[in-house]
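Please walk me through this model. Start with a single residue and work outward from there.

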Amino acid sequence: MVKFDVRQLRYLSREEFRCLVSLEMGMKNHEVVPCELISSIANLRHGGCFKILRDLVQYKLIRYDHKNGIRGYHLTYAGYDYLALRSLSNQSVIYSIGNKIGVGKESDIYIAASEDGSQYVLKLHRLGRICFRKVKEKRDYLKKRKNASWLYLSRLAAEREFSFLQALHDRGYPVPEPLSWNRHAIVMKLIPGYPLAQVRKITNTAKVYTRLMQLIVRLAQMGLIHGDFNEFNIMIDDKEKITVIDLPQMISTSHLNAEYYFNRDVECVRTWFRKRYDFESDDRPFLADILCDAKVDVEIKASGYSKDLTDDFEKLTLNKPEVENDEENFDWNGIGADSDSSSEGEEESFGEEEDECGSSGECGSSDECGSSDECSSENEECFSENEVSGGVTNLVLDSPDEEGEGATAEDCNTAVDDQGSGEDGSNANTSYLPYRDKDNHKKAAHQFKAYQKSNLSKDDIKKKVRESVAKKHSKQNRIKKGEKYFINREKRANASEIKGAENWF
């Protein structure tokens, strides 16, 4: 568990905070930040920065680490707490810190006060504890990212909870009033009351049960599901007024598992009232019966809200007029399905070629054209020849027999002459797909890949793999030996200095 000692905060200098901020900036793309990078960001002398970092290590605000041959520092939760508290103090939000009033698997709760003596609640998110390390599986804080530090995840959790609190409080939902947040810290007003888990007796059990079910339904009407609606996250005061806390895990009603989490929240309340207060009721809400009035989940980007956005987008696109698409009306066997879109001259030329050569089905039925496989193979050859020779793609079919009614190579050339050459031919082909411009027709040299068959035997390949692996291991061993030598050399130098210092006494 992280110790929260703020006594050293008042004694830290401006340069020490400058080093902490520089280390935080360096941790955006470094797991271990070297001292040289910290000094360059902080704009301090190398020697002065090293002394400050040494003091911060003694205060346990940062930690010295050595990973993958890189020596450097990284922030601890204590140092991250100091940065957040200093920012909140400069904003005149809090003035002093009191005792701890709550602890959970994701955060610690403390009493805080302002300069005028008003008491607030300070919530510090601390993800990464042993009891809850499957944050990346349970929550979608990272979205498309794969790796991040626990400090960054705590910052994302605090930001999300603050947005939830602000949106719900503005709509009159019974949650604590949020005041400010910075990094992984949230400041909210103190609520007089007790967790429902500590309350042994309730005066009007049925009324409280109904009120809790109404709160679950009200959340669902705003497009949200709490996800952890249990006795530990429900505060109740002496007048049996209810307040809901702990909101970072809230999801949208459009989530894939929304019905499961909704039923789990309902069953948590029913199970607690049955065990503790011996109260059981068959009245319970169902997610399918609830109509969503306000899209709060879309506004604050709750988990699973993207489905609603896609549905709305589809509704908008269905109202738009349909646009004619040549790709949908085109027959990719080589002949356009809609002949009306082409010019009259092109209709006649394509019609004659269709009559002479025919479709693949006609080739299969006639004796002169032969089988359908031969027709299709020779059609591909004619199509490739036209591509290479002219640079303009001409959809002309070639028949297998030169003496038959099919089009010969001379017919192909005449068809090319009829369509024109140069700009006229390219303009004529733009109405048919697939079409390529002259500039885009030639592929770049890097798009072609040469494949060469290896003449090596399996034993030779295995031998080469073993040699490469052995070379890699030897290089790693040299690096490790060099690091050990460097460390041992420093130890010997320190030991000689200590022996020399003993002679002075």
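Thr-76 is buried, because its relative accessible area is 12%, below the 20% cut-off. The model is a predicted one, and this value is computed from it. Thr-76 sits in the loop between strand S2, residues 70–75, and helix H4, residues 77–90. What does Thr-76 touch, leaving aside its neighbours within four places in sequence? Its contacts are Lys-60, Leu-61, Ile-62, Arg-63 and Leu-151.

One of those contacts, Ile-62, belongs to strand S1, which covers residues 62–67. S1 and S2 run antiparallel, and six bridges join them. Within this pairing, His-66 stands opposite Arg-71 of S2. The two strands form a hairpin with two residues between them. There, Asn-68 takes a positive phi, near 55°. A general point helps when reading such strands: in a regular strand, side chains alternate between the two faces of the sheet.

On the other side of the Thr-76 loop comes H4. This helix has 14 residues. From its first C-alpha to its last it reaches 20 Å, close to the 20 Å expected at 1.5 Å a residue. How much of H4 is covered? H4 is mostly covered, with ten of its 14 residues buried. The buried set starts with Tyr-77, Ala-78, Gly-79, Tyr-80 and Asp-81. It goes on through Tyr-82, Leu-83, Ala-84 and Leu-85, and also includes Leu-88. After H4 comes Ser-92, whose phi is positive, near 60°.

Now move along the chain to strand S12, residues 251–252, where Ile-251 lies. Is Ile-251 buried or exposed? Ile-251 is buried, because its relative accessible area is 8%, under the 20% limit. Leaving aside neighbours within four places in sequence, Ile-251 is in contact with Gly-223, Leu-224 and Ile-225, among others. Its further contacts include Ala-258, Tyr-261, Ala-302 and Ser-303. Asp-140 is 111 residues away from Ile-251 along the chain, yet their C-alpha atoms are separated by 10.0 Å.

Confidence comes last. The protein chain averages a pLDDT of 75, and 64% of the residues score at least 70. Over residues 316–423, the pLDDT is below 50. That stretch still has 103 contacts in the model beyond near neighbours in sequence. Residues 432–436 also stay under 50, with 18 contacts beyond four places in sequence. Where pLDDT is low, the predicted coordinates should not be read in detail.

Definitions and conventions: Residues numbered from 1 in each chain as written. Predicted model: local features only at pLDDT ≥ 70, side-chain atom pairs only at ≥ 80, totals over all residues. Heavy atoms only, no water. Helix = DSSP H or I, 4+ residues; strand = E, 2+ residues; numbered from the N terminus. Buried < 20%, exposed > 50% of the residue type's maximum accessible area, 1.4 Å probe, protein only. Contact = heavy atoms within 4.5 Å. Expected span 1.5 Å × (residues − 1). Pairing = 2+ DSSP bridges. pLDDT = per-residue confidence, 0-100.
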